[in-house]
Amino acid sequence: MDIAITAFSGSLDTYLFEMGMTVSMTSLSMDDGGMNGPAEVDGSFNLLIDTFSYPVTKTTVSGDLLSMVAEARSVTLEDFESYGELDEGAYTITVIASGKVESNRFDGQATYITEVPFVSSIDSNPYVGEMFITGADNSSIRVIALDVETVRLEMDYDGDGAVDETRDVTWDEAIG
């Protein structure tokens, strides 16, 4: 793993700063000692951390290619960007993301974009937010946070723009 600081302003003494860096990983192996087993990461990303608006910390992660393999699961991100805000005063996290993803859990590549920012308490699932995911033949899934326990999936299997199925599932079911 190689980390290069690309920009810095502010002061570490006051904890008010903006820092940019590039993180590159080649066959980086990690093991949390848990049931997930070791994971391997390849690729790189840019990271920007901004604490000038404390108690709000802003973070942007972007990159061209990042691959992760853990157990029998693989995920590759391309042309990705995510923006997050941690508001320690309001005890919330806000996230916006976009990019392309490939996985051994589905065929082909999917494009994802946040249409309504996801907002959650620091220690829970999002209670608001919406993401649109497009796959092969213009098929799509709209993911809508209903509350901290439940998410709505609106699926268009044939790509005609009409919802073919709607399911309300737990966040664990949607992510799993």
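How many aromatic pairs does a search of the whole structure find? The search finds 2 aromatic pairs, where rings of Phe, Tyr and Trp (its six-membered ring) pair if their centres lie within 6.5 Å, and planes under 30 degrees apart count as stacked, over 60 as edge-to-face and the rest as tilted. The model is predicted, so that local features need pLDDT of at least 70 and side-chain atom pairs count only at pLDDT 80 or more, while totals for chains, interfaces and linings use all residues. Residues are numbered from 1 along each chain as its sequence is written, and side-chain values use heavy atoms, with hydrogens and water left out.

| Aromatic pair | Centre to centre | Angle between planes | Geometry |
|---|---|---|---|
| Phe 8 and Phe 17 | 5.8 Å | 20 degrees | stacked |
| Phe 118 and Trp 171 | 6.3 Å | 75 degrees | edge-to-face |

In the stacked pair, Phe 8 counts as partly exposed at 39% relative accessibility, whereas Phe 17 is buried with a relative accessible area of 11%; buried means under 20% relative accessible area, exposed over 50% and partly exposed in between (1.4 Å probe, protein chains only). In the edge-to-face pair, both Phe 118 and Trp 171 are buried. Phe 118 lies in strand 7 and Trp 171 in helix 1 (residues 171-175), so this pair ties together parts that are 53 residues apart in sequence; helices (H or I, at least four residues) and strands (E, at least two) are DSSP runs, numbered from the N terminus.

Strand 1 (residues 2-11) pairs with strand 2 in the antiparallel sense over 9 bridges, where pairing requires that DSSP finds at least two bridges between the strands. Ser 11 stands opposite Leu 16 in strand 2, and the hairpin that the two strands form has 4 residues between them, with Tyr 15 in the turn showing a positive phi of about 65 degrees.

The largest nonpolar core has 25 residues, of which Met 21, Met 25, Phe 45, Leu 66, Phe 80, Tyr 112 and Met 131 touch the most other members; such a core is a set of buried Ala, Val, Leu, Ile, Met, Phe, Trp, Tyr and Cys residues joined through side-chain atoms within 4.5 Å. Among the elements that give two or more residues to this core are strand 2 (16-31), strand 3 (38-50) and strand 7 (109-121), and strand 2 gives the most, with 5 residues. Leaving aside neighbours within four places in sequence, Met 131 is in contact (heavy atoms within 4.5 Å) with residues including Ala 97, Tyr 112, Phe 118 and Ile 141.
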